[in-house]
Amino acid sequence: MIKVLWIDDDLSIVESHQITAEGHGIDLCHFDNWQEGQEELQKNFNDYSAIILDAHCVLNKGEATKDNFLILVGRKLSVIFENKKAKIPWFIYSAGQAKIANFDFISNSVIDEEDKSWGQRIYKKTVIDDFEKLLTKIVELAPQNENFKIKYQYSKLFEVLDCPDFIDP
């Protein structure tokens, strides 16, 4: 399965999409705040093929949502990618414009030119088929990820060699 880290403080949204994601071969790993999601990402970076972010979410456990969440997390992702010397495609799935002024400007300001090769990056909860489009994009991009290729295309070989944790740092 394709493993996706999803940061969204609305558990009901994630739960309502769980079955649809599984139908696409996607395992959603949900965190309701960036702090815990970041810890998971840093610990198990190579397990993930994509990241989904709500644009208006909780940065640290126990805090309120932040309007500048996306900008702060975009910067933190850049640092993680630089330290890991690898990138994971990340996407915004949000009701955004209802909560944040200049939603498109803010979200586009944290997406660098290289990341734009991933195609559409912003999906809206208010558009009925946007989640399906997002899942399709993730399924399309996952096989391009080197860790995904190694882990899933050669999984039988690693079973024979008895090294299930071959990809962990």
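User: How many aromatic pairs does the count come to here?

Analyst: The count comes to five aromatic pairs. The rule takes rings of Phe, Tyr and Trp (for Trp, its six-membered ring) and pairs them if their centres lie within 6.5 Å; planes under 30 degrees apart are stacked, over 60 edge-to-face, and the rest tilted.

User: Cool! Why does the W6 and Y93 pair count as edge-to-face?

Analyst: Their ring centres are 6.0 Å apart and the planes sit at 65°, so W6 and Y93 are edge-to-face. This pair links distant parts of the chain: W6 is in strand β1 (residues 2-7) and Y93 in strand β6 (residues 90-94), 87 residues apart.

User: And what kind of model am I looking at?

Analyst: It's a predicted model, where local features need pLDDT of at least 70, side-chain atom pairs count only at pLDDT 80 or more, and totals for chains, interfaces and linings use all residues. Residues are numbered from 1 along each chain as its sequence is written, and side-chain values use heavy atoms, leaving out hydrogens and water.

User: Got it. Are W6 and Y93 buried or exposed?

Analyst: W6 and Y93 are both buried. Buried means under 20% relative accessible area, exposed over 50%, and partly exposed in between (1.4 Å probe, protein chains only).

User: What about the rings of Y93 and F131?

Analyst: That pair is tilted, because the centres are 5.2 Å apart with planes at 50°. Y93 lies in strand β6 and F131 in helix α5 (residues 130-141), so the pair ties together parts 38 residues apart in sequence. F131 is buried, like Y93. W6, Y93 and F131 form one aromatic cluster.

User: Switching topic: where is H17?

Analyst: H17 belongs to helix α1, which covers residues 11-23. H17 counts as buried because its relative accessibility is 16%.

User: Which residues does H17 touch?

Analyst: Apart from neighbours within four places in sequence, H17 is in contact (heavy atoms within 4.5 Å) with W6, L28, Y93 and F131. The side chains of H17 and Y93 also share a polar contact of 3.1 Å. A polar contact is a pair of N or O atoms within 3.5 Å; within protein, one must be able to donate a hydrogen and the other to accept it, and residues adjacent in sequence count only if both atoms are side-chain atoms.

User: Zooming out, how many helices and strands are there?

Analyst: The protein chain has seven helices and seven strands. These are DSSP runs numbered from the N terminus: helices are H or I with at least four residues, strands E with at least two. Of its 169 residues, 45% count as buried.
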